[in-house]
Amino acid sequence: MEKKTYYIVDAQVLPEVFNKVVAAKELLENKTAKNISTAIKMCGLSRSAFYKYKDSVFVAKNNDPEKVEIQAVLADKAGVLSAVSNTLFESGANIITVNQTEPKNGLATISFVIGIDMLKNPLDNLVENIENLDGVIFVNTL
């Protein structure tokens, strides 16, 4: 079986068909549309496009406003992960989970789920502080 790869992409940069598929699915889910035919007509979407993408397009939802996921690409060198962890601690974030990929080509991807209810400053400041650490290549919040 082929391993699937998923991306989180800003909906504004996607072709309109994806937004229409999501809208049609939401109409069906909240029972505004009683069937697929009605939903696709309401969204101005073809039946073939709906069926082509319906199982592949989803909305990423953060159901807990007190938690956020931070993903980062770090250089594979001593102290970088520790510096990120210390920055999270100093900001008042509570680290809930940590996942790291095996380093490849000198880089590793790490994902933190953090509690943000005790942050001392806005989340944007925390992300900026992490981005400015030596050995941090990229940071993103989900």
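Okay, let's start with Ile-40: setting aside neighbours within four places in sequence, Ile-40 is in contact with Leu-45, Ser-46, Arg-47 and Phe-50, where contact means heavy atoms within 4.5 Å. Before I go on, what we have here is a predicted model, where local features need pLDDT of at least 70 and side-chain atom pairs count only at pLDDT 80 or more, while totals for chains, interfaces and linings use all residues. Residues are numbered from 1 along each chain as its sequence is written, and side-chain values use heavy atoms, with hydrogens and water left out.

Back to Ile-40. Ile-40 sits in helix H2; helices here are DSSP runs of H or I with at least four residues, strands are runs of E with at least two, and both are numbered from the N terminus. Ile-40 is buried, at 6% relative accessible area. For that label, buried is under 20% relative accessible area, exposed is over 50%, and partly exposed is in between, using a 1.4 Å probe and protein chains only. If you want a distance across the model, the C-alpha atoms of Ile-40 and Ser-111 are separated by 37 Å, with their positions 71 residues apart along the chain.

Now helix H1, residues 16-29. H1 has 14 residues and reaches 20 Å from its first C-alpha to its last, close to the 20 Å expected at 1.5 Å a residue; that expected span is 1.5 Å times one less than the number of residues. Which residues of H1 are buried? They are Phe-18, Val-21, Val-22, Ala-24 and Leu-27, and what covers them includes H2 and H3.

Right after H1 comes Lys-31, with a positive phi near 65°, and this is a residue other than glycine. Lys-31 lies in the loop between H1 and H2 and is exposed, at 69% relative accessible area. Another one to look at is Asn-105, again not a glycine, with a positive phi of about 55°. Asn-105 is in the loop between E2 and E3, and it is exposed at 83%.

On the segment before H1 we find Val-13, exposed at 62% relative accessibility. Val-13 joins Tyr-7 and Val-9 in a nonpolar surface patch with about 360 Å² of accessible area together. The patch rule takes residues with over 30% relative accessible area and no salt bridge, joining like charges within 9 Å and nonpolar side chains (Val, Leu, Ile, Met, Phe, Trp, Tyr) within 5 Å. The areas themselves are Shrake-Rupley with a 1.4 Å probe, and for residues only the protein chains shown count as cover.

Next up, H4, residues 80-91. This helix has 12 residues and reaches 17 Å from first C-alpha to last, close to the 16 Å expected at 1.5 Å a residue. Val-80, Val-84, Thr-87, Leu-88 and Ser-91 are its buried residues. Looking down the axis of H4, those buried residues fall within an arc of 100°, so they line one face of the helix; the arc is that of the directions from the helix axis to the C-beta atoms. And what do the buried residues of H4 pack against? Strands E1 (67-75), E2 (94-100), E3 (107-115) and E4 (136-141), plus helix H5 (123-131). Turned away from that buried side, the face of H4 carries the exposed residues Phe-89 and Glu-90. Just after H4, Gly-92 takes a positive phi of about 95°.

Salt bridges, then. The rule is a side-chain nitrogen of Lys or Arg within 4 Å of a carboxyl oxygen of Asp or Glu, and the count comes to 2. One of them is Lys-77 with Asp-134, the closest N and O atoms being 3.1 Å apart. Lys-77 lies in the loop between E1 and H4 and Asp-134 in the loop between H5 and E4, so this pair ties together parts that are 57 residues apart in sequence. Lys-77 is partly exposed at 41%, and Asp-134 is exposed at 62%. Then there's Lys-54 with Asp-55, where the closest N and O atoms are 3.2 Å apart. Lys-54 is partly exposed at 24%, while Asp-55 is exposed at 56%.

Last stop: Ser-48, in helix H3, residues 47-53. Ser-48 is exposed, with a relative accessible area of 56%. Its C-alpha and that of Asn-99 are separated by 38 Å, the two residues being 51 apart along the chain.
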